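Please report on the side-chain contacts, strand pairing and nonpolar cores of the structure shown below. Running text is preferred, with one small table.

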Amino acid sequence: MKKALLFASLFAANNAMAIEIPDFLDKKEIENATFKCLTEEQKYSAADQKYVDILWQETLKYLEGYAVALSTSDGNCRNSDLTMYQTNTHDLKGPQYMCIMDRRDMKLMVKHIYSVLANPDEAKQCFGAREDVNWIYSPGGELEAKSPVAKWLNRTTFEEFFEKNVTNEEVKKYGREYTKNFYKMVTGDDIKLPDAFPFDVSANSLPNLWASVGWFPMYAEESERNKRNFEKTRGNYAYAEVFGHWGLLRIDEISGEKVGAEVGMVTQRVDSFYPYHNHAISEIYYTMREPACTDEFKNFAVREDSPLVKTISETDTVREVEFDAGMANEEWFWANTSPEKDDLAYFHQNTIHAFQYNGAECHAKPEEKAIVTVWARSNANDKRNDYGTTLLCESADRPNTPAMRGEKIRCDLTKLKY
């Protein structure tokens with residue numbers, strides 16, 4: 001046991017020394033960062049600590065890969081990856097791009113991740129396996145069976161969740177299938193990281209993290225919001241948070257600066273549609289599965305200030321808007337994504353976005369495939385703007401039903417406060 005702990009300590013020290021901090025960050029500040037945790041430091045027995053250490057090392061690797069990808073030149077930007085932020089404009093100029101490090105929230109997120117990487121022992125005080133949380137789950141199956149950490153954690157499995165917590169029989173049926181195929185969805189030869197990543201951070205290389213992070217099937221249980229969702233999507237979607245207010249690494253402040261980063265992963269079965277939605281916090285996705293056909297993974301994103309977004313009503317806190325998803329050339333507002341092309345998407349606050357994942361024509365067994373993404377939100381610390389709520393849009397003609405392509409949709413946008 002002492003040898004294992006010594007190895008983990010040496011690994012962390014070497015990891016800190018190997019980190020190359022981008023020159024747009026203050027190296028001295030990062031190397032001397034101080035940390036304020038959201039909760040008290042968790043204490044583990046020597047027998048349990050070895051599992052926590054494995055999870056911690058894979059967490060550091062995941063965060064390192066993500067930070068390097070965001071802050072490395074891709075030939076278009078200096079010290080930055082290029083991101084799409086809008087899939088088309090009112091005058092049909094096509095997808096809109098920017099250097100992601102031009103955004104202040106992105107600079108802060110990368111700065112805070114590098115602070116963790118440069119000071120792993122200090123940051124680890126804010127890290128825990130979250131074994132006491134009863135609303136995050138293990139996918140179970142082969143993913144858990146191959147992870148000693150997941151077996152040690154023994155979280156409630158997806159199978160148990162869908163049987164006990166989900167009342168809608170259609171959602172439950174989809175959930176069983178999602179659970180059965182989850183391992184195949186997040187592993188395999190067609191899982192591929194974009195070139196910006198220095199190494200693989202998928203379940204192929206970090207199996208304990210992906211099995212043990214704690215997944216949340218956010219839409220599966222009944223709620224008022226889910227009247228605006230599709231049953232197939234509800235049973236085939238889950239996300240997990242590695243770093244953030246609800247994740248494994250929970251930091252309130254770094255060197256007196258509030259931490260807004262939430263970094264994790266998302267998986268959603270192909271042949272499903274994530275409906276039009278928005279939220280009062282910026283969001284980022286890296287696509288990490290190779291599509292089997294050109295139109296398999298499609299993104300839609302229109303910013304709130306687009307002339308195509310019409311105001312219907314307003315209060316002090318909400319702007320109700322309408323967008324015509326049945327207009328001519330509507331299909332031009334959907335952009336394909338893959339690890340090779342438009343792999344990174346950044347959605348500003350209040351951007352109306354949606355995801356259409358085809359695949360029934362691309363795969364003999366579409367139930368075994370899913371979009372897999374490295375996911376993050378960047379300003380979760382600003383609670384004035386209700387950072388935690390994803391607002392699903394609705395059909396303008398059929399209120400409280402999912403908004404479909406080909407019809408007018410209505411969305412509630414948060415009036416942001418600064």
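## Charges, rings and cores

Lys173 lies over the face of Tyr174, at 5.1 Å from the ring centre. A charge is taken to sit over a ring if NZ of Lys or CZ of Arg is within 6 Å of the ring centre and within 35 degrees of the ring normal. Lys61 is placed over the face of Phe199 at 4.3 Å from the ring centre.

This is a predicted model, in which local features need pLDDT of at least 70 and side-chain atom pairs count only at pLDDT 80 or more, while totals for chains, interfaces and linings use all residues. Residues are numbered from 1 along each chain as its sequence is written, and side-chain values use heavy atoms, with hydrogens and water left out.

**Aromatic pairs.** A pair of aromatic rings is described by the distance of the centres and the angle of the planes. Rings of Phe, Tyr and Trp (its six-membered ring) pair if their centres lie within 6.5 Å; planes under 30 degrees apart count as stacked, over 60 as edge-to-face and the rest as tilted. The whole structure contains 35 aromatic pairs. One of them, Phe158 with Phe162, is edge-to-face, at 6.3 Å centre to centre and 80 degrees between the planes. Phe158 and Phe162 are 4 residues apart in helix H8 (residues 158-164), so about one helical turn separates them. Helices (H or I, at least four residues) and strands (E, at least two) are DSSP runs, numbered from the N terminus. Phe158 is buried at a relative accessible area of 0%, and Phe162 is buried at 1%. Here buried means under 20% relative accessible area, exposed over 50%, and partly exposed in between (1.4 Å probe, protein chains only).

Phe300 and Trp334 make a tilted pair, 5.4 Å centre to centre with 40 degrees between the planes. This pair links distant parts of the chain, with Phe300 in strand S11 (residues 297-302) and Trp334 in strand S14 (residues 334-336), 34 residues apart. Phe300 is buried, with a relative accessible area of 0%, and Trp334 is buried at 6%. Ring pairs also link a cluster that includes Tyr62, Phe158, Phe162, Trp210 and Trp215.

**Salt bridges.** The search of the whole structure finds 38 salt bridges, each being a side-chain nitrogen of Lys or Arg within 4 Å of a carboxyl oxygen of Asp or Glu. The table gives examples.

| Lys | Acid | N to O distance |
|---|---|---|
| Lys124 | Asp53 | 2.5 Å |
| Lys192 | Glu340 | 2.4 Å |
| Lys415 | Glu314 | 2.9 Å |

Lys415 is in the segment after strand S20 (408-414) and Glu314 in strand S12 (residues 310-314), so this salt bridge ties together parts that are 101 residues apart in sequence. Lys415 is partly exposed, at 27% relative accessibility. Salt bridges with shared partners join Lys36, Asp252, Glu253 and Lys258 into one network.

In the pair of Lys124 and Asp53, Lys124 is partly exposed at a relative accessible area of 23%, whereas Asp53 is buried at 6%. For the pair of Lys192 and Glu340, the relative accessible area of Lys192 is 33%, partly exposed, and Glu340 is partly exposed at 44%.

**Strand S17.** In a regular strand the side chains alternate between the two faces of the sheet. Strand S17 (residues 370-377) is mostly covered, with 8 of its 8 residues buried. Both faces are covered: Ala370, Val372, Val374 and Ala376 are buried on one side, and Ile371, Thr373, Trp375 and Arg377 are buried on the other. Two strands pair if DSSP finds at least two bridges between them. Strand S8 (residues 262-269) runs antiparallel to S17 and is joined to S17 by 8 bridges; Gln268 stands opposite Ile371. Strand S10 (residues 283-287) also pairs with S17 in the antiparallel sense, over 5 bridges, and Ile284 stands opposite Ala376.

**Nonpolar cores.** A nonpolar core is a set of buried Ala, Val, Leu, Ile, Met, Phe, Trp, Tyr and Cys residues joined through side-chain atoms within 4.5 Å. The largest has 99 residues, and Tyr66 and Trp210 have the most contacts inside it. Helix H3 supplies the largest share of this core, 11 residues. Leaving aside residues up to four places away in sequence, Trp210 touches ten-membered company not listed in full here, including Tyr62, Trp215, Met265 and Val372; contact means heavy atoms within 4.5 Å. A second, separate core of 19 residues includes Ala354, Cys393, Ala403 and Ile409.
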